[in-house]
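Hello,

Here is the structure I promised to pass on to you. Please have a look at it first, and then read my notes below.

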Amino acid sequence: MKFTLSWLKEHLETEATVEEIAETLTDLGLEVEEVVNPLDTLKPFTIGKVVSTEQHPDADRLRVCEVETDRGMKQIICGAPNARAGITVVVAHPGTYVPGIDTTIQVGKIRGVESHGMMASEREMELSDEHDGIIELPSGEVGESFADWLIENDPAKVDPVIEIAITPNRGDALGVHGIARDLAARGLGRLIETPVAPVPGAFPCPIGVTIDADALEHAPVFAGRVIRGVKNGPSPAWLQARLKAIGLRPISALVDITNFFTFDRNRPLHVFDADKVAGDLRVHLATGGEELLALDEKTYRFRRDQVLISDDKAVESIAGIMGGEVSGVTGETVNVFLESAYWNPVTTALTARDLKINSDAKYRFERGVDPAFTLPGLELATAMVLELCGGEPSEVVVAGEVPVDDRAYRLDTKRIESLVGMSLPEEEQRATLEALGFRLEGDMAHPPSWRPDVRGQADLVEEVARIASLTKLEPKPMTRPTQGIARPILTLHQKRERAARRTMAALGYNECVTYSFIDRASAELFGGGGEETRLENPISSEMSHMRPALLPGLLQAAARNQARGFADLALFEVGAAFHGGEPGEQHTQVSGLLVGHTGPRDPHGSRRPVDVFDVRADAEAVLAALGAPAKVQVLRGARDWWHPGRHAMIALGPKKVLGVFGELHPKVLRAMDVKGPAMALTIWPDEVPEPRSKGPGRAALEISDLQAVERDFAFVVDAGVEALALVNAAQGADKTLIESVSVFDEFVGGAVGEGKKSLAIAVRLQPSETTLTEEDIDAVAARIVDKVEKATGGVLRG
């Protein structure tokens, strides 16, 4: 929405500067996008006087002028035909930027003669299109600023243009009068209210208007009148200048009048050539297939139920959007039908979108114009037509009724403090609403007809707050429900999720966020895909089931990356997996996936394929970050999507599994189209026991001051016995004294016999109360041997 400062001052009595107005508009919510002030580029230009001229010695069309300026006498070469002694001119000294030719003036030689400046034309200064000669001023003193001379003698040429952005709910600000109302309510001036005097009709209107019954909800009121004997020539200079300033092209007096009121009062109008209208005008819904050659010289074909205006023969206009070329006014038009109507915003928007038309009328009707101003707008336009074009008006004809929306909302003056945090006296709030056109009856506020966007108490608060200025809000700290140090708000579950994410990222993994829905085949690979997790209305066949684990999504991401040439991947995700379809049948997982090598190739040979021990170390790091106990068991027996011999479970017991790590089964990788091998880990954070201490502090570090003892054992066991079984058996011999058990040697063949192997373990004993005696150590050793023999059938190697 564009308007000029002088245009605004026709509706607002104010002494505010353009800078103050622009700042206030933005503060009111009407954001200023641009202010074009011609004075900014005209300030360097000054007034001079041509003292003498003579023919250029080497050019027939150039003259050498001696010009008296504020910097003394200057020699300026000029090619204008009106350059002569005695005229008052506008001078651009060297260093001055001339906007019309996009040039900065310099001292230079023209055909061998020096020129120290330039005498400008109106087009060169972007004041008009006039360029037949240099500017001749009727008055002005040498050295006077040309900008100051224009302000005093021709202010229209230096009228600042303000452009504001309009939000969809503020259709009332699409008229200069509505903008002035907001500024007046802020206190930046006084709103100039001009009463609308009805123009009496001299004769009955020869063109009748009707609205079909099924079109009334789309076109509640349609009014107009005939004005005969008009003279449709060019509009006056003031009107042309005003339209040009906001980017519109003057066409003719009648068209320019309708455009003027579109921007002046947010009242779109249309004028028909009455002699080209056959019979009466009818507002109706299209039956489908009608066509119209519109004013933009395009032919439009209409769909069923679009709103049209037709005479007795054909369609003449697209309601609220654009008129027809056939019934449009021309220079030969002498009788016109001036139309003013109210069109349904939604219908207008849908029709314009379907026809791909964007017009100033459509832009306003779809946002909502003032229905109550339909007839007053017609009277104002009639008066201007008579003033500029002459003619004789008929009586006004009206079809339908102006829609009345008598809304009212209770004004609770205390709500502004609870909703906005601003405290304002009741009198100020009521005065603000009245200044904006609201009608107050007790504590009930009736929004004006031009504000269809006000639909509740909160909107009343918003109006009061924006007029008072949200910049007056004072920051206040939020009150705490309890005094003293604030308690943590994150739950243990949330803290663990955050810790898991940070740890995985620190280990070099990239976080993925995949869909909770996967295809049935992928879900079945990971123990899901049943009816209990099937979606009733899936987005696609590839998202038919809730995911039973996070690994399918990570494998799909890995496959997509491998297909694009990224072979070395480290991906992780923290999220929910689902073991049922009911609320609560879900659990949180932390899953990671390693594919390819540990890093890029280098001259040191450090690059190697990822292996089980990489994901074991990462799983143990995540569990440590989650606060899992240091002493855990490592067991076999995970689900069948893990490689049977290259995985392990980290557990506190057979029924308390904290996580799984290892290599994924090759059949799963083939099904997911992933080039393996692939290492993975899955942690269940909720299975980690909660800490005994709920406080923020850590437990004291317990370090024994007693000497630890290490003993080595070598057992001969069957070749198929897992080392893990032997380690777990040894650890169970005395959970208090035995701190750790580790395998340090394996020997196969030789003296141990066929089908046998020797496993050597190191057992570390850490007493906490008394130093261990030899008898104590022997007793523990005997229990270890006994436990291992029972668990594995192994015997102590001699």
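Helices and strands here are DSSP runs (H or I over at least four residues for a helix, E over at least two for a strand), numbered from the N terminus. Before the details, please keep in mind that this is a predicted model, in which local features need pLDDT of at least 70 and side-chain atom pairs count only at pLDDT 80 or more, while totals for chains, interfaces and linings use all residues. Residues are numbered from 1 along each chain as its sequence is written, and side-chain values use heavy atoms, with hydrogens and water left out.

Let me start with the backbone. Most residues other than glycine have a negative phi, and most peptide bonds are trans. The bond from G676 to P677 is cis, its omega being near 0°. P677 sits in the loop between α18 (666–671) and β38 (678–683).

Two residues have a positive phi. D102, not a glycine, has a phi of about 50° and belongs to the loop between β8 (97–98) and β9 (103–104). For S469, also a residue other than glycine, phi is near 90°, and its place is the loop between α13 (457–468) and α14. Are they buried or exposed? Buried stands for under 20% relative accessible area and exposed for over 50%, with partly exposed in between (1.4 Å probe, protein chains only). D102 has 56% relative accessibility and therefore counts as exposed, whereas S469, at 4%, counts as buried.

Next, a helix pair. Two packed helices are described by the angle between their axes and the distance between the axes. The axes are lines fitted to C-alpha atoms, for helices over the stretch in contact, and angles run from 0 to 180 degrees between N-to-C directions. Helix α14 (residues 492–506) packs against helix α17 (residues 612–626) at about 145°, and their axes are 9 Å apart. Their crossing is right-handed, meaning that the near helix is turned clockwise from the far one by less than a right angle (anticlockwise would be left-handed). With contact taken as heavy atoms within 4.5 Å, R496, A499, A500, T503 and M504 of α14 meet A621, V622, A625 and L626 of α17. By class, this contact has seven nonpolar residues, one polar and one charged. Here Ala, Val, Leu, Ile, Met, Phe, Trp, Tyr, Cys and Pro count as nonpolar, Asp, Glu, Lys and Arg as charged, and the others, Gly among them, as polar.

Now to the sheets, where two strands pair if DSSP finds at least two bridges between them. One open sheet has three strands in the order β1-β13-β3, with antiparallel pairing. β1 (2–4) and β3 (32–36) each have a single partner strand and stand at the edges, so one side of each lacks a neighbour in the sheet. On average, and ignoring direction, neighbouring strands of this sheet are turned by 20° against each other. Four bridges link β3 to strand β13 (residues 161–164) in the antiparallel sense, with V32 opposite I164 in β13. Helix α2 (residues 18–27) lies across β1, β3 and β13 and runs at about 170° to β3.

Another open sheet has five strands, ordered β15-β18-β21-β22-β23, with mixed pairing. Its edges are β15 (209–211) and β23 (322–323), each with a single partner strand, so one side of each is left without a neighbour in the sheet. Strand β22 (residues 315–318) and β23 run antiparallel, joined by two bridges, and S317 stands opposite G323 in β23.

Have a look at K49 as well. Strand β4 (residues 46–55) pairs antiparallel with strand β7 (residues 88–92) over four bridges, and with strand β5 (residues 63–69) over six. The bridge partner of K49 is T88 in β7 and E68 in β5.

Finally, the aromatic rings. Rings of Phe, Tyr and Trp (its six-membered ring) pair if their centres lie within 6.5 Å; planes under 30 degrees apart count as stacked, over 60 as edge-to-face and the rest as tilted. By this rule there are eight aromatic pairs. The rings of F272 and F337 have centres 6.3 Å apart and planes at 55°, so this pair is tilted. F272 lies in strand β17 (residues 270–273) and F337 in strand β24 (residues 335–342), so the pair ties together parts 65 residues apart in sequence. Both F272 and F337 are buried. For F713 and F715 the centres are 6.2 Å apart and the planes at 15°, so that pair is stacked; both of these residues are buried. W7, W238, F260 and F261 form one aromatic cluster.

Best wishes
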